[in-house]
Amino acid sequence: MIKIGVLGAGHLGKIHIREIKNIPEFELIGFYDPNPDTAAFAEKEYNVPSFDSIESLLNEVDAIDIVTPTLSHYECAKKAIEAGKHFFVEKPLTNTVVEAEELVNLVNASNLKAQVGHVERFNPAFIEAQKFNLHPMFIEGHRLAEFKPRGTDVSVVLDLMIHDIDIILSIVDSPVALISASGLPVISDNIDIANARIEFENGCVANLTASRVSLKTERKLRIFQKNAYITIDFFKKELNVFQMREMEEDEDITDKMVIDPGEGKTKKEIIYNAPQPGNVNAIHRELECFADAILNDKTPPVSIEDGYKSLKLAHAILDKMEALMLKSSLH
Ligand SMILES: NC(=O)c1ccc[n+]([C@@H]2O[C@H](COP(=O)([O-])OP(=O)(O)OC[C@H]3O[C@@H](n4cnc5c(N)ncnc54)[C@H](O)[C@@H]3O)[C@@H](O)[C@H]2O)c1
């Protein structure tokens, strides 16, 4: 049994408290939140002790779950490492690349397990999609949300686009070759809407759009690859797969979706599939995996290196946006 504490009992922290209570490998020792109203509410609602400091909680646990605002991830994770505690930290790993680099080095020099909360990896639609031998050549991503002040302490790239950045890095096995990007603040002081075109050395291109000033919610990735088109709806947890196969010359085409390219070329059949993703609670599953990594000495499925790579690419995208904004302000 792993003794665990939670840092931050805000919007997501409450959900983590609830899920941890339902994972038998964890014993939830308590939580710390500096906001007295939030702490009092969570203590009563979830019947979990509230601690009066990070340090007092760290003293009592084997592992800590960091669900605090992004700007505090580095400080909380560093305290966990110094106290010799495993940690789960929400995405993005940290605010800056320098902070992330330091944490990666500290974790690698220890025996501690560190997992980053890129929860879309556990989304049942994405899990199901991976059964279709993904080797994307073009990816179109849209992650749109209505405006909420929560999360605006960082740009939409670190807040929302980073989910898709992590997913893309997990399925495109090639270094990034070129980035172009643009974005702008709309309501908050940080970039609220952003578009990035990421070109990989193997020729794959990902075109990502993220907005937190949208009138609708959408979280979709469309993947195009040789002989297949796959759409993953992370919000609705739905998957649509269109595969194409060459037909035999005398094959019966009745009830089949057939494309005739003309000029005597081989006909192709389009095969449509809408697999039903399992009913998985992604947050529950990622926390179970964190427990499994600690108990069975495994690398967590979303490692600190994964979190670092996503953050580094997110910042490279932001640098391109800032360069473009600077250029346009000079004209
Ligand atoms: N994986 C996802 O899909 C997802 C979704 C939402 C938020 N997040 C991430 O989760 C984190 C928290 O987001 P949220 O929406 O719950 O924010 P929130 O503002 O609702 O809650 C944050 C809580 O942390 C507390 N806090 C601040 N500093 C602290 C500290 N040093 N120690 C302990 N508690 C502290 C605050 O008082 C607040 O109650 C952010 O990093 C965000 O990016 C991830």
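Which backbone atom of Thr 68 lies 3.2 Å from an oxygen atom of the ligand, by element? In this predicted model, the atom in question is a backbone N or O atom of Thr 68. The ligand also has a polar contact with Gly 8, where a polar backbone atom is 3.4 Å from a nitrogen atom of the ligand. Arg 150 takes part through its side chain, a polar atom of which lies 2.9 Å from an oxygen atom of the ligand. Taken alone, the ligand exposes 850 Å², and 78% of that area is buried by the protein. The elements that give two or more residues to the surrounding shell are helix 1 (11-21) and helix 4 (73-82). In total, 21 residues surround the ligand, and the closest are His 11, Leu 12, Asp 33, His 73 and Arg 150.

His 86 was examined next. This residue lies in strand 4, which covers residues 86-90. His 86 has a relative accessible area of 15% and is therefore buried, since the cut-off for a buried residue is under 20%. The side chain of His 86 reaches the backbone nitrogen of Lys 113 at 2.9 Å. Leaving aside residues up to four places away in sequence, His 86 touches Asp 62, Ala 63, Ile 64, Asn 111, Leu 112, Lys 113, Phe 290 and Ile 294.

A further feature is found at the surface. Phe 147, Leu 184, Val 186, Ile 187 and Ile 193 make a nonpolar surface patch of about 410 Å². Of these residues, Ile 193 belongs to strand 8 (residues 193-200). Ile 193 counts as partly exposed because its relative accessibility is 31%, and partly exposed residues fall between the cut-offs of 20% and 50%.

Conventions
Residues numbered from 1 in each chain as written. Predicted model: local features only at pLDDT ≥ 70, side-chain atom pairs only at ≥ 80, totals over all residues. Heavy atoms only, no water. Helix = DSSP H or I, 4+ residues; strand = E, 2+ residues; numbered from the N terminus. Buried < 20%, exposed > 50% of the residue type's maximum accessible area, 1.4 Å probe, protein only. Polar contact = N/O pair within 3.5 Å; in protein donor to acceptor, adjacent residues only side chain to side chain. Contact = heavy atoms within 4.5 Å. Patch = residues over 30% accessible without salt bridge, like charges linked within 9 Å, V, L, I, M, F, W, Y side chains within 5 Å. Areas by Shrake-Rupley, 256 points an atom, 1.4 Å probe, with all protein chains shown as cover. Salt bridge = Lys/Arg side-chain N within 4 Å of Asp/Glu carboxyl O. Near = heavy atom within 4 Å.
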